[in-house]
Amino acid sequence: MWWAGTVFDVQGAAVAGNFEILTEEGWDDVHIKVRGPKPHEVMYYETEGEEEGNFEFDAAMSGDQSICLTNSHSSDTRPIGFAFREEAQELLTGADLAGMAATEENVGEMVTVANDLTQGLDMLRDHQEYMRMREEQHRATVAKTNSKVLWWTCGEAFILVAMACWQILYIRTFFEVKRYV
């Protein structure tokens, strides 16, 4: 089972992304690849057997960047959350800084820190979305299990009441006095 999708068609763009496998078991057989455009298909990122991860790369060529998710050892489907982001370009350039009192070096460091914070917040938001999806799956599993437990308990209660009635009837016949005339 695999899926491939388009990311960006921008040469030289800094691209970041992350993925997380949303099931508890079976994540060790999932293979993830991030590739550049055809015909060269430069491999930017590849991993196998990781439950979650982050990746960054600079798109070397113009064209459709893609991700390939493979579930190699199992026929079961595995829900996987993933995100791609084109990293924010620098907001200020050297020409913008000419009339300002701050030095280009100080402002450049601040822009770098701001870009890192933006990327971190994007990844945090993605991670929270994955956790919500995982919680929803777990909640559905718990509801299903509780329903099954309820039905088994009702069945058990019915069987116990039936056994008690049968025992009363059987003991009653045991103590009956039979008269022969």
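Modeller: A nonpolar core here is a set of buried (under 20% relative accessible area, 1.4 Å probe, protein chains only) Ala, Val, Leu, Ile, Met, Phe, Trp, Tyr and Cys residues joined through side-chain atoms within 4.5 Å. This is a predicted model: local features need pLDDT of at least 70 and side-chain atom pairs 80 or more, while totals for chains, interfaces and linings use all residues. Residues are numbered from 1 along each chain, and side-chain values use heavy atoms, without hydrogens or water.

Colleague: Thanks! How many residues does the largest nonpolar core have?

Modeller: Ile 32, Val 34, Phe 55, Phe 57, Ile 67 and Phe 84 have the most contacts inside this core. Strands (DSSP E runs of at least two residues) β2, β3 (30-35), β4 (43-48), β5 (52-58), β6 (66-71) and β7 (80-86) each supply at least two of its residues. The size of the core is 15 residues.

Colleague: Which parts does the salt bridge between Glu 20 and Arg 134 tie together?

Modeller: A salt bridge puts a Lys or Arg side-chain nitrogen within 4 Å of an Asp or Glu carboxyl oxygen, and for Glu 20 and Arg 134 the N to O distance is 3.8 Å. The two partners are 114 residues apart in sequence, so the pair ties together strand β2 (residues 14-21) and helix α1 (helices are DSSP H or I runs of at least four residues).

Colleague: Is Glu 20 buried or exposed?

Modeller: Its partner Arg 134 has 14% relative accessibility, so Arg 134 counts as buried. Glu 20 has 1%, so Glu 20 also counts as buried.

Colleague: How many salt bridges does the structure hold?

Modeller: Besides Glu 20 with Arg 134, Asp 122 pairs with Arg 125 at 3.1 Å, three residues away in helix α1. Glu 135 meets Arg 139 at 2.7 Å, and these two are four residues apart in helix α1, about one helical turn. Glu 135 is partly exposed (20% to 50%) at 42%, whereas Arg 139 is exposed (over 50%) at 56%. The number of salt bridges is three.

Colleague: Which helix holds Ile 171?

Modeller: Ile 171 is partly exposed, with 45% relative accessible area. With Phe 158, Ile 159, Met 163, Trp 166, Tyr 170, Phe 174 and Phe 175, Ile 171 forms a nonpolar surface patch of about 1,000 Å² accessible area (Shrake-Rupley, 1.4 Å probe). Such a patch joins nonpolar side chains (Val, Leu, Ile, Met, Phe, Trp, Tyr) within 5 Å, from residues with over 30% relative accessible area and no salt bridge. Ile 171 lies at residues 104-174, in helix α1.

How values were computed. Patch = residues over 30% accessible without salt bridge, like charges linked within 9 Å, V, L, I, M, F, W, Y side chains within 5 Å.
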